[in-house]
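Thanks for coming. I have one structure to go through this morning, and I will take it from the whole chain down to single residues.

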Amino acid sequence: MEGCIIDTNKVVCKCKKITYGDLKNAIENGAKSFKNVKEVTKVATDCKKCKDKVKNLVNQLLEK
């Protein structure tokens, strides 16, 4: 992911219309884990099809 630019408006959770930027903002505002990001944004709480993908994105963002 380093050197890779992801559009902050890219929707990563269609059910809740959560964007990559929403995940990033949650982390910048203190979320320290996927669970925290999920609590703040409600990402991956409906159909859960995006859960693995979003969890990987969050973990990558947390490593930065």
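Of the contacts in the chain between residues at least 6 apart in sequence, 46% join residues at least 24 apart. Keep in mind throughout that this is a predicted model.

What is the order of elements behind those contacts? Starting at the N terminus, the chain runs β-β-α-α-α. The radius of gyration is 11 Å, close to the 11 Å that the globule rule gives for 64 residues, so the chain is as compact as a globular protein of that length. In total there are 3 helices and 2 strands. Along the principal axes, the C-alpha atoms fill a box of roughly 30 × 20 × 15 Å.

Now the surface. Buried residues make up 31% of the 64 in the chain. The exposed area comes to about 4400 Å², and carbon and sulfur atoms supply 47% of that area. On charge, the count is 15 positive and 8 negative side chains. The centres of those two sets lie 7 Å apart.

Next, helix α1, residues 20-28. Which of its residues are buried? They are Tyr20, Gly21, Leu23, Ala26 and Ile27. As for what they pack against, the buried residues of α1 meet β1, β2, α2 and α3. A general point on helices: with 3.6 residues a turn, residues three or four places apart point the same way. Back to the model: Glu28 also belongs to α1, but Glu28 is exposed, at a relative accessible area of 57%. From Glu28 to Thr8 the C-alpha separation is 13 Å, with their positions 20 residues apart along the chain. Just after α1 comes Gly30, which takes a positive phi of about 115°.

Staying with Leu23 for a moment, take its distance to Val40. Val40 lies in helix α2 and is exposed, with a relative accessible area of 59%. Val40 and Leu23 are 17 residues apart in sequence, and their C-alpha atoms are 9.1 Å apart in space.

On to the strands. Thr19 sits in strand β2. Is Thr19 buried or exposed? Its relative accessibility is 15%, so Thr19 counts as buried, the cut-off being under 20%. What does Thr19 touch beyond its neighbours within four places in sequence? Its contacts are with Thr8, Asn9, Lys10, Val11 and Val12.

The loop between α2 and α3 needs a little more time. Ala44 is placed in this loop, and Ala44 is buried, with a relative accessible area of 1%. Not counting residues up to four places away in sequence, Ala44 touches Cys13, Phe34, Lys38, Cys50 and Lys51. For a distance towards the N-terminal part, Ala44 and Asn9 are 35 residues apart in sequence and 17 Å apart in space, C-alpha to C-alpha. The backbone is worth a look here too: phi of Ala44 is near 60°, a positive value in a residue other than glycine.

Lys48 is in the loop between α2 and α3 as well. What is its phi? Lys48 has a positive phi of about 70°, although it is not a glycine. On accessibility, Lys48 is partly exposed, at 46%.

Last, the salt bridge. How many does the structure hold? The count is 1. The partners are Asp46 and Lys16, and their closest N and O atoms are 3.6 Å apart. This pair links distant parts of the chain, 30 residues apart. Asp46 is in the loop between α2 (34-41) and α3 (51-63), while Lys16 is in the loop between β1 (11-13) and β2 (18-19). Are these two residues buried or exposed? Neither word fits, because Asp46 has a relative accessible area of 43% and is partly exposed, and Lys16, at 35%, is partly exposed too.

To recap the loop between α2 and α3: Ala44 is buried there, Lys48 is partly exposed, and Asp46 forms the salt bridge with Lys16. That is what I have; I will take questions now.

Definitions and conventions. Residues are numbered from 1 along each chain as its sequence is written. This is a predicted model: local features need pLDDT of at least 70, side-chain atom pairs count only at pLDDT 80 or more; totals for chains, interfaces and linings use all residues. Side-chain values use heavy atoms; hydrogens and water are left out. A salt bridge is a side-chain nitrogen of Lys or Arg within 4 Å of a carboxyl oxygen of Asp or Glu. Helices (H or I, at least four residues) and strands (E, at least two) are DSSP runs, numbered from the N terminus. Buried means under 20% relative accessible area, exposed over 50%, partly exposed in between (1.4 Å probe, protein chains only). Contact means heavy atoms within 4.5 Å. The radius of gyration is taken over C-alpha atoms; the globule rule is 2.2 Å times the number of residues to the power 0.38. Accessible areas come from the Shrake-Rupley method with a 1.4 Å probe; for residues, only the protein chains shown count as cover. Lys and Arg count as positive and Asp and Glu as negative; His and the chain ends are not counted. The place of a charge is taken as NZ of Lys, CZ of Arg, CG of Asp or CD of Glu.
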